[in-house]
Amino acid sequence: MSSVAEALLFVAVISVGVVAIRNSRRTATLKRRVRDHAYEIERLEGTLLAFQRANRARELRARHTSPVLEPKLLAGRGEDLLLLDLFEGESPGTFLECGAYDGVRHSCTYTLAQLGWTGVLIEAIPEFADNARRHRKESVVIESAVSRRGSTGTADFTILPNTRIGGD
């Protein structure tokens, strides 16, 4: 290969390298921007969910003088709002909640229970099942895990640090 060809090849390789570096910087910048926007969207979704819950609680208080004195909407991702909208105007029914935790925090059915619904709460961790029994006297609490039919064996559950066990 001639020295001119080698020089052109060298320049081409350098150019490709510069473009790749520039693109990787752009990619990193774009990834950072996407991550920042995703965080902002998550924050706004949380604010919107809090606003929707407050409005829905006001509506419930206005419509139900009894037994709901102070409705609480506690589900982690607004599932309780969805259920209330889905069953709007229906008479109280029966629910099943798997993974009931303590029966209150993050509960999808707590608000339904306030409105007179009854049902079954399933919780595998004994301490949490005890709390659910204490908090949700209108519900049957089963201390068990849910799995597919015919499954046997055991399962390990991890209780995250800073998780409150016991108490209210």
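Where is His106 found? In this predicted model, His106 sits in the loop between β1 and α3. That loop comes up again below, so let's start with the overall layout.

## The chain at a glance

The chain has four helices and three strands. Walk along the sequence and the pattern reads α-α-β-α-β-α-β.

Of the 168 residues in the chain, 24% are buried. The chain exposes about 12000 Å², and carbon and sulfur atoms supply 58% of that area. As for how the chain meets itself, take the contacts between residues at least 6 apart in sequence: 59% of them join residues at least 24 apart.

## The loop between β1 and α3

Back to His106, which has a positive phi of about 65° although it is not a glycine. Most residues other than glycine have a negative phi. Is His106 buried or exposed? His106 counts as exposed, because its relative accessibility is 53% and the cut-off for exposed is over 50%.

Tyr101 is found in the loop between β1 (94–98) and α3 as well. Its phi is near 55°, again a positive value in a residue other than glycine. Tyr101 has a relative accessible area of 17%, and since buried means under 20%, Tyr101 is therefore buried.

## The nonpolar core

Which residues make up the largest nonpolar core? There are eleven in all: Leu84, Phe95, Ala100, Leu112, Ala113, Leu115, Trp117, Leu121, Ala129, Ala132 and Val141. Two elements, α3 (110–114) and α4 (126–135), give two or more residues to this core. As a general background point, nonpolar side chains tend to be buried together in soluble globular proteins.

Ala100 is one of the core residues. Setting aside its neighbours within four places in sequence, Ala100 is in contact with Leu121, Ile122 and Glu123. Leu121 from that list is also a member of the core.

## Pairs brought together across the sequence

Phe128 is in helix α4. It counts as buried because its relative accessibility is 4%, under the 20% cut-off. Phe128 and Asp102 are 26 residues apart in sequence, yet their C-alpha atoms are 4.9 Å apart in space.

Val140 lies in strand β3 (residues 140–143). Its C-alpha is 6.3 Å from that of Gly119, with their positions 21 residues apart in sequence. Not counting residues up to four places away in sequence, Val140 touches Gly119, Val120 and Leu121. Leu121 is thus a name to keep in view: it contacts Ala100 and it touches Val140.

Phe87 is in the loop between α2 (79–86) and β1. With 30% relative accessibility, Phe87 counts as partly exposed. The C-alpha atoms of Phe87 and Leu112 are separated by 9.5 Å, and the two residues are 25 apart along the chain. Leu112 is itself part of the largest nonpolar core.

## The second largest pocket

How much space lies in the second largest pocket? About 160 Å³. The residues that line this pocket are Ala145, Val146, Ser147, Ser151, Thr152, Gly153, Thr154, Ala155 and Phe157.

By type, the lining of the second largest pocket divides into four nonpolar residues, five polar and no charged. Among the residues in the lining are Ser147, Ser151, Thr152 and Thr154, along with Phe157.

Key
Residues are numbered from 1 along each chain as its sequence is written. This is a predicted model: local features need pLDDT of at least 70, side-chain atom pairs count only at pLDDT 80 or more; totals for chains, interfaces and linings use all residues. Side-chain values use heavy atoms; hydrogens and water are left out. On a 1 Å grid over the protein atoms alone, a cavity is a set of points where a 1.4 Å probe fits but cannot get out, and a pocket is an open set with protein on both sides within 12 Å along at least five of seven lines; lining residues have an atom within 4 Å of a point. Grid points are joined across faces, edges and corners, and a volume is the space filled by probe spheres set on the points. Ala, Val, Leu, Ile, Met, Phe, Trp, Tyr, Cys and Pro count as nonpolar, Asp, Glu, Lys and Arg as charged, and the others, Gly among them, as polar. A nonpolar core is a set of buried Ala, Val, Leu, Ile, Met, Phe, Trp, Tyr and Cys residues joined through side-chain atoms within 4.5 Å. Buried means under 20% relative accessible area, exposed over 50%, partly exposed in between (1.4 Å probe, protein chains only). Contact means heavy atoms within 4.5 Å. Accessible areas come from the Shrake-Rupley method with a 1.4 Å probe; for residues, only the protein chains shown count as cover.
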